[in-house]
Amino acid sequence: MTQYLAQHQAATRLHKSAYSITAMFIGCAMLSSTAAWAVDPSVKQLRIGFQKSSINFAIAKQQKLYEKEFPNAKITWNEFPAGPQILEALAVGSLDIGVTGDTPPVYAQAAHKPLYYIAYEAAKPLASAILVPKNSQLTQLNQLKGKRIALQKGSSAHYLLVQAVAKAGLQWSDIQPIWLTPADARAAFQKGAVDAWAIWDPYFASTQLEDQAKILVSGKDLSPNYTFYLAAPNFVKQHPQAIKDIIQQINVADQWVQKHKDETAQLIAESTGLKPQVSQIFIDRRPIPSYAAPLTAKVIADQQQLANRFSELKIIPNSINIKQAVWTGKAL
């Protein structure tokens with residue numbers, strides 16, 4: 001664990017310099033939030049999809065930030081096990097806003113499901129990993145050949161595993177992916193029904209702490225593991241100012257998280273049922289800060305690389321252009 005946290009600290013230092021300009025911009029906007037943003041009275045409902053990994057949304061929910069920002073709206077929070085399920089709900093009109101990892105929106109766009117990327121959080125490659133049981137003899141990636149590996153199809157773990165298989169010099173056909181939701185994958189992992197599990201925090205932290213699972217490889221140098229905030233096109237079209245307000249409140253939440261990490265760990269534990277120690281590991285692996293910001297050219301390029309890789313492997317049925325799904329901040 002000490003070595004792993006050292007890697008995290010090093011990655012965080014590298015990240016800070018690249019992210020500081022965006023952070024300063026957002027910080028200034030937040031300081032003048034009352035003057036800069038007007039309440040959008042046209043928003044009558046805001047339906048948000050989130051996961052256990054959505055720390056900023058969890059704090060926004062707990063502190064009722066959106067109820068305060070949109071006093072005329074009915075705010076509903078809907079928890080999902082993973083990103084693919086969130087984007088399915090977004091596509092059928094059950095949600096207005098959702099938060100996922102990097103792979104779900106690629107799957108959704110390839111399936112011609114309507115969505116817009118509205119913001120991202122900094123890369124967190126150390127917050128995902130391929131785990132093996134504590135008594136496993138697997139120590140090298142190339143030993144995954146022929147092995148049964150649990151993962152959520154279309155999740156960020158999917159891309160991590162694709163990249164890990166390639167790094168090992170293997171073909172995708174050399175492994176046996178076992179498509180399971182995080183809860184079912186955890187059960188299969190504990191029973192020994194699978195040889196490895198590709199997963200993200202907080203499930204990663206929980207399994208690492210409670211089951212003494214070993215890290216075969218983290219996302220470092222394999223997958224950036226961005227968090228993305230996505231919106232239904234109709235909502236963006238009707239409420240472009242509200243999108244800016246929503247992003248602003250995400251950053252209010254993150255600012256609070258950075259100043260109250262111990263309290264955040266306790267709140268996350270209470271809202272998710274996780275142990276406080278698990279929440280603390282999960283929070284400590286997040287970049288500092290973890291603001292939501294407009295997608296940069298690098299983030300779009302990284303996301304396009306993911307899409308191209310999936311297209312090459314025929315994981316998605318066609319090539320896609322990520323830029324076409326990125327909201328530019330202008331009215332549609």
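This section describes the two sheets, the helices packed on them, the cavities and one aromatic pair of a predicted model.

One open sheet has five strands in the order β2-β1-β3-β10-β4. Its pairing is mixed. Strands β2 and β4 (116-121) stand at the edges. Each has a single partner strand, so one side of each is left without a neighbour in the sheet. The twist averages 20° from one strand to the next. Strands β4 and β10 pair in the antiparallel sense, over five bridges. Across this pairing, A119 has Y229 in β10 as its bridge partner.

Helices pack on this sheet. Helix α3 touches β1 (45-50), β2, β3, β4 and β10. The direction of α3 makes about 140° with that of β1. Helix α5 (residues 83-91) lies across β1, β3 and β10. Helix α5 runs at about 160° to β3.

An aromatic contact also involves α3. The model holds 13 aromatic pairs. One of them joins F57 and W77 in an edge-to-face arrangement. The ring centres are 5.5 Å apart, with 80° between the planes. F57 lies in helix α3 and W77 in strand β2 (residues 74-79), so the pair ties together parts that are 20 residues apart in sequence.

A further open sheet of five strands follows the order β7-β6-β8-β5-β9. Pairing in this sheet is mixed. Strands β7 (176-179) and β9 (214-218) stand at its edges. Each of these has a single partner strand, so one side of each is left without a neighbour in the sheet. The twist averages 30° from one strand to the next. Strand β5 (residues 128-132) pairs with β9 in the antiparallel sense, and four bridges join them. Within this pairing, the bridge partner of L131 is I215 in β9.

Two helices are placed across the β7-β6-β8-β5-β9 sheet. Helix α8 (residues 182-191) lies across β5, β6 (148-151) and β8 (196-200). Helix α8 runs at about 145° to β8. Helix α9 (residues 203-210) lies across β5, β8 and β9. The angle of α9 to β8 is about 130°.

A search of the whole structure finds two cavities of 30 Å³ or more. The largest encloses about 300 Å³ of space. It is lined by 26 residues, of which S53, T100, K124, W200 and T227 are the closest to its centre. Elements giving two or more residues to this lining are α3 (55-62), β3 (97-100) and β10 (227-231). Helix α3 provides the largest share, three residues. By class, the lining of the largest cavity comprises ten nonpolar, twelve polar and four charged residues.

The second largest cavity holds about 30 Å³ of space. Its lining consists of S128, S156, A157, L160, I199, W200, S223 and N225. Helix α7 (156-167) and strand β8 are the elements that give two or more residues to this lining. Helix α7 gives the most, with three residues. The lining of the second largest cavity divides into four nonpolar and four polar residues, with no charged residue. W200 is among the residues lining this cavity, and W200 is also one of the residues closest to the centre of the largest cavity.

Conventions: Residues numbered from 1 in each chain as written. Predicted model: local features only at pLDDT ≥ 70, side-chain atom pairs only at ≥ 80, totals over all residues. Heavy atoms only, no water. Pairing = 2+ DSSP bridges. Axes fitted to C-alpha atoms, helices over the stretch in contact; angles between N-to-C directions. Contact = heavy atoms within 4.5 Å. 1 Å grid on protein atoms, 1.4 Å probe; cavity = no way out; pocket = protein on both sides within 12 Å on 5 of 7 lines; lining within 4 Å. Points joined across faces, edges and corners; volume = space filled by probe spheres on them. Nonpolar A, V, L, I, M, F, W, Y, C, P; charged D, E, K, R; others polar. Phe/Tyr/Trp six-rings, centres within 6.5 Å; stacked < 30°, edge-to-face > 60°.
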